[in-house]
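Dear colleague,

I am passing on the structure we spoke about, so that you can look through it at your own pace. Please open it first, and then read the notes below alongside it.

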Amino acid sequence: DGCGHTVLGPESGTLASINYPQTSPNSTVCEWEIRVKPGQRVQLKFGDFDIDDSDSCHSSYLRVHNGIGPNRTEIGKYCGFGFQMDGLITSKSNEVTVQFMSGVHTSGRGFLAAYSTTGKSDLITCLDIASHFSEPEFNKYCPAGCVIPFADISGTIPHGYRDSSSLCMAGVHAGVVSNTLGGQINVVISKGIPYYEGSLANNVTSKMGPLSTSLFTFKTSGCYGTLGMESGVIPDSHITSSSILEWPNQTGQVNIWKPENARLKRIGPPWAAFISDEHQWLQIDLNKKKKITGIITTGSTLAEHYYYVSAYRILYSDDAQKWTAYTEPGMGKDKIFQGNTELYQEVRNNFIPPIIARFFRINPLKWHQKIAMKVELLGCQFSIGRAPKIILPAPPQNKNEKNADFMDDFTHSVKTSLQTDKTTFTPEIKNTTVTPSVTKDVALAAVLVPVLVMVFTTLILILVCAWHWRNRKKKTEDTYDLPYWDRAGWWKGMKQFFPIKSAEHEETPVCYSSSEISHPRPREVPTMLQTESTEYAQPLVGGIVGTLHQRSTFKPEEGKEASYADLDPYNSPIQEVYHAYAKPLPVTGPEYATPIIMDVSSHPSTPLGASSISTFKAAGNQAPPLVGMCNKLLFRTDSASSAQALYDIPKGQPGPGSADRLVYQVPQSMAHPTVSKD
């Protein structure tokens, strides 16, 4: 009466004391007899050991024996609280007896242990979790019987399982190992996720879990794809059933829940049987043999019809005539799969080993209200490989006892090699379509060819872009990158594209003084300006300033009223160059600017009577008295030549080369001659 959780498989298993992990009861005993295949030995590993040792293992202990029955021999006797046993306990034969005895005690959980054959050196127990291992990837062997009620897992495939989950129990949930057989798992550790989903699969319920630092997944063969129920690859004609539910609704319309409605995630009603008994079935024709590794089922998915199948068995066939029920190796009865617990949740069950068949049939055994379900099959294509052909060597010609013994030994060795899946010689393999090396080469070529195409395409695009950029840059330099930028010349060249000013300026009175104004020759103007003392800043910019339409003012002598002249820069026959000054006069002084300098030296010589009029301050500290009167100078902008002023012959010494100051009389009051346009 002291036996707890126990699963004894043909190659591995799990055993625990009664009431584990709670305190074991007093005065209990349990004995396990473990047998494996002849020629193999048993290894035992403890996941937890907590047995009272107050009486030095006299009444409470765990004892391991070699063999079974009265001829067994003791390997060891163990007790203690939190006892840590490093390594494995190995038997000398293929049989082991484990005996647990509990006396009177107040504490102690008992024990949990796992066993396997000695070939599984990486054996772990059902209590090992992912955080116990530091490697990013590792292989372990899980024993049978790791679906235990006192362990839990969080997560699902393909997202992964929380690192606090039992490795072997998660392997059963993922479908990579069988709970009744155990098996090898390949674990990959990666970064955790914020939330882990829960699901029901292979009779294991995964709970929802919070954030963790890491998670783990399993490497598998990859034969877990859908086989065409949901996608429609399997046609409606290939889905049949034992009966169909037909019933009228409130409006009198007949509802038919046909077998083709049994497609997973398909909106609408499911397939439902007309009669709910254990003789109903849903059949799927895969059109050819497939490797079937799992099945996913749901209920009706209609809230008003709370129907689902809670347990079923699986049958398969190659001709739809002779059917075989699915059983696990070593089990003498059909396997019963756990179905749904409600109508919406998807429940997955895996087949270990997989089913190889064309026709697949589901036989419901338990249901809620009515038999109704939706289905999807998991698996992949099945390829048939031929068995190796064994060629026996020719017997010797002399048929003596040695030859007979030789033939007997050889036949025995061949039989033994076939039974143990080992060959003593290289078999002759024929009729193979693709060798493993060719398969690897094809897979490698399928990866490398697209990569090389992308690399060469990228290089060609880079070279084309570089060539185009270089030509464009060279063209840009040849066209626009001038070694010297002549701003004045550029401005003079652009002036010809500006519109000619057509509006005439108003007549502006100009005052002249015979004692103040002298008329030098054009070539003497720059020389005289250079000899003058500079009262104002020199011009910063050469060229025409567009804002000189406004009237220009000249600084007269102190105490005299300033006169002004408004010269039209557009209608002058000679292109004058006006200079703008950077430094203005003080605010307190008279509002005058420096005289406008007209560059007559750069133009052809013109008569003295031309409109290039320059007004400047006379030499000397004392200004001469103002003599004369103001007349009006009329400018006509519509003429090809600018207005001219006529003067009398100057008084004083004649001759343009006279060094004395030239004093002009006031111009006579006479009209300007009119010059017509050519």
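Strand β2 is joined to strand β9 (residues 110–117) by five bridges, and the two run antiparallel; within this pairing, T14 stands opposite A114 of β9. Please keep in mind throughout that this is a predicted model. β2 also pairs with strand β1 (residues 3–8), again in the antiparallel sense, over four bridges, and here L8 is the residue that stands opposite G13 of β2. The connection from β1 to β2 is a hairpin that passes through three residues.

β2 itself, which covers residues 12–17, is mostly covered, since six of its six residues are buried. If you follow the side chains along the strand, you will find S12, T14 and A16 pointing one way, while G13, L15 and S17 point the other way, and all of them are buried.

Further along the chain there is an open sheet of five strands, in the order β10-β13-β16-β12-β11, with antiparallel pairing. β10 (137–142) and β11 (155–156) stand at its edges, and because each has a single partner strand, one side of each is left without a neighbour in the sheet. Helix α1 (residues 167–174) packs on this sheet and touches β10, β11, β12 (160–162), β13 and β16, with its direction at about 50 degrees to that of β16. Inside the sheet, β13 (residues 183–191) and β16 (residues 214–218) run antiparallel and are joined by five bridges, and one pair to look for is I189 with its bridge partner F216 in β16.

The largest nonpolar core has 26 residues, and those with the most contacts inside it are I295, I314, F351, F360 and I362. At least two residues of this core come from each of β22 (282–298), β23 (308–317), β26 (347–368) and β27 (372–381). I295 is a good place to begin, as residues beyond four places away in sequence that it touches include Y312, I314, F351, F360, I362 and L377. A second, separate core has 24 residues, among them L15, C57, F111 and Y115.

As for the chain as a whole, it holds five helices and 33 strands, and buried residues make up 37% of its 678 residues. Of the contacts with a separation of 6 or more, 75% are between residues 24 or more positions apart. The accessible surface comes to about 40900 Å², and 56% of this belongs to carbon and sulfur atoms.

With best wishes

Technical notes
Residues numbered from 1 in each chain as written. Predicted model: local features only at pLDDT ≥ 70, side-chain atom pairs only at ≥ 80, totals over all residues. Heavy atoms only, no water. Pairing = 2+ DSSP bridges. Contact = heavy atoms within 4.5 Å. Axes fitted to C-alpha atoms, helices over the stretch in contact; angles between N-to-C directions. Core = buried A, V, L, I, M, F, W, Y, C linked by side-chain atoms within 4.5 Å. Buried < 20%, exposed > 50% of the residue type's maximum accessible area, 1.4 Å probe, protein only. Areas by Shrake-Rupley, 256 points an atom, 1.4 Å probe, with all protein chains shown as cover.
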